[in-house]
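Student: Please take me through one part of this model closely. I would like to look at the place where protein and DNA come together.

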There are 2 protein chains.
Amino acid sequence: MENEGKGLHGRVLEALGPEITAGDHPPGTVLRTDELAQRFDVSRTVIREAIRVLESMQLVASRRRVGVTVRPTEEWNVYDPRVIGWRLTGRDRPRQLRSLTVLRSAVEPVAAGLAARHATPTQCAELTEHAMGMVATSRGQQLDAYLVHDVAFHRVILAASGNEMFARLADVVAAVLTGRTHHHVMFTDPDPAAVTLHVQVAEAVRTGDAGAAERLTREITAGAMAELDVLAP
Amino acid sequence: MENEGKGLHGRVLEALGPEITAGDHPPGTVLRTDELAQRFDVSRTVIREAIRVLESMQLVASRRRVGVTVRPTEEWNVYDPRVIGWRLTGRDRPRQLRSLTVLRSAVEPVAAGLAARHATPTQCAELTEHAMGMVATSRGQQLDAYLVHDVAFHRVILAASGNEMFARLADVVAAVLTGRTHHHVMFTDPDPAAVTLHVQVAEAVRTGDAGAAERLTREITAGAMAELDVLAP
DNA sequence: CCGGGCAATTAAGTATGACGTTTACATCAC
DNA sequence: GTGATGTAAACGTCATACTTAATTGCCCGG
């Protein structure tokens with residue numbers, strides 16, 4: 001078992017974070033450090049360090065004489081990987097997946113266009129490799145193997161864009177792809193059209209055709225959006 | 001003077017964060033909590049809380065027996081508003097501005113398209129209002145007033161998209177626009193074409209023409225990218 | 001009855017010192 | 001040279017006392 005959260009404060013964080021993002025403590029709720037210390041059977045010091053982190057995520061605000069108040073949802077740092085993770089395992093997972101897919105549909109095409117200009121030969125090779133891997137695993141219940149290549153493919157695209165902000169979204173995209181596979185149609189093979197598009201994107205990047213890379217990737221993400229509408233909340 | 005950083009740990013954070021993001025402590029550098037406590041003349045408790053926050057930003061990693069090590073740049077949480085702010089005031093401000101502008105050029109057109117579908121009448125009114133404000137202040141050294149409308153305009157667009165991830169980028173866009181105005185051409189009036197485009201975007205959103213809104217916004221961001229190339233690092 | 005100011009109370013913030021725990025590193029035996 | 005072992009250095013945790021600031025409510029004057 002992955003014992004995430006290295007120290008005690010980490011464990012407190014991994015307990016409180018999901019509770020807050022799931023809405024167990026609605027915005028406006030006040031938490032007292034003493035009570036938390038009692039509840040988790042740790043010292044106030046540990047609680048305070050966990051609170052500092054939650055505060056840096058804008059999940060809570062700590063004020064003297066009143067306590068630690070849960071902040072309204074709109075103020076949360078929704079780009080923090082841990083917040084994203086917690087929300088993906090929580091109640092409004094559908095909403096979160098939708099948000100992230102929309103973000104993805106905005107970012108990835110532009111990233112692919114940039115990748116067509118900036119990708120190194122190595123990255124181009126990796127792209128075609130993973131596209132081929134997707135082709136090879138696209139039939140016959142090999143969804144897990146397919147997913148690995150799919151994730152890797154998009155990770156290379158984002159990295160090859162040369163934009164650090166894009167590159168840092170790789171984990172988000174991975175989460176979306178993984179979530180889709182594991183929640184959606186575990187028994188249906190991937191859409192052949194999507195597989196073809198990935199191959200074409202790899203080719204467009206390799207030949208430096210930014211326009212084609214962007215357009216093709218837009219088709220991929222549009223497909224993902226359409227898929228999402230099928231099981232809309 | 002804005003004494004940001006409410007407690008002692010906040011002040012330590014506001015001192016250490018910029019130092020790290022500016023590269024004063026290159027990746028791999030080790031900081032010791034004791035030394036920091038001495039340097040800032042505060043207790044180790046305070047230092048530890050600041051470190052926890054830096055750790056949650058992935059700026060540093062704290063390991064036993066070795067100390068607090070600065071992590072490589074690629075692992076930083078570059079979406080954390082404070083990290084963005086620090087980097088914008090630091091050495092590689094140009095790089096950062098560039099990254100953010102690219103991100104903007106990916107996100108805003110899609111957001112505008114969504115806004116055309118989801119914007120409330122109130123938001124439509126605000127859009128036209130600010131577009132008009134931009135027109136009114138686009139001539140004769142009123143750059144500050146113009147900037148206010150510009151920022152507000154884009155903030156409404158991102159909020160009206162209905163996507164929380166987009167909405168949370170409003171501050172980033174504001175920072176880019178502000179930075180551009182204050183560093184670029186303080187004495188040149190805004191590009192008339194850009195002003196017109198904003199008016200047209202407001203109109204497209206009002207009439208629900210998603211395609212036009214997206215296309216026009218893409219022109220705006222393309223203009224911003226082009227501007228950036230003029231004073232490229 | 002209302003309003004302003006003063007004081008009490010409360011919960012977070014800080015300081016300190018002690019101890020626990022992990023682990024890099026050097027030393028020693030084989 | 002390799003592996004086991006020991007040691008010390010740094011972070012991690014705890015308990016406690018004290019400080020600070022803000023809320024609350026009381027009290028008094030208008």
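Tutor: Keep in mind that this is a predicted model. Start with DNA strand C. It is surrounded by 22 residues. The closest are A:T33, A:R48, A:S62, A:R65 and B:L8.

Next, sort the residues of this surface by character. Charged residues number 11, polar ones 7 and nonpolar ones 4.

Now turn to the DNA side. Take the atoms of DNA strand C within 4 Å of the protein. Of these, 69% belong to sugar or phosphate, and the rest belong to bases.

Three contacts show these parts of the strand one by one. For a base, look at A:R65: a polar atom of its side chain lies 2.7 Å from a base oxygen of DNA strand C. For a phosphate, look at B:S43: one of its backbone N or O atoms is 2.9 Å from a phosphate oxygen of the strand. For the sugar or linking oxygens, look at B:R64: a side-chain N or O atom lies 3.5 Å from one such oxygen of DNA strand C.

Which elements give two or more residues to this surface? In chain A they are helix 3 (44-56) and strand 2 (60-63). In chain B they are helix 1 (8-21) and helix 3 (44-56).

Finally, compare the two protein chains. A turn of 180°, with a shift of 0.0 Å along the axis, lays chain B on chain A with an RMSD of 0.1 Å. The two copies are thus related as by a two-fold rotation axis. Their interface fits that picture: 100% of the interface residues of chain B are also interface residues in chain A, so the copies meet through the same surface.

Conventions:
Residues are numbered from 1 along each chain as its sequence is written. Chains are lettered from A and ligands numbered from 1 in the order in which they are written. This is a predicted model: local features need pLDDT of at least 70, side-chain atom pairs count only at pLDDT 80 or more; totals for chains, interfaces and linings use all residues. Side-chain values use heavy atoms; hydrogens and water are left out. Copies are superposed by least squares on the C-alpha atoms of residues with pLDDT of at least 70 in both. Contact means heavy atoms within 4.5 Å. A residue is near a molecule or strand if one of its heavy atoms lies within 4 Å of it. A polar contact is a pair of N or O atoms within 3.5 Å; within protein, one must be able to donate a hydrogen and the other to accept it, and residues adjacent in sequence count only if both atoms are side-chain atoms. Helices (H or I, at least four residues) and strands (E, at least two) are DSSP runs, numbered from the N terminus. Ala, Val, Leu, Ile, Met, Phe, Trp, Tyr, Cys and Pro count as nonpolar, Asp, Glu, Lys and Arg as charged, and the others, Gly among them, as polar.
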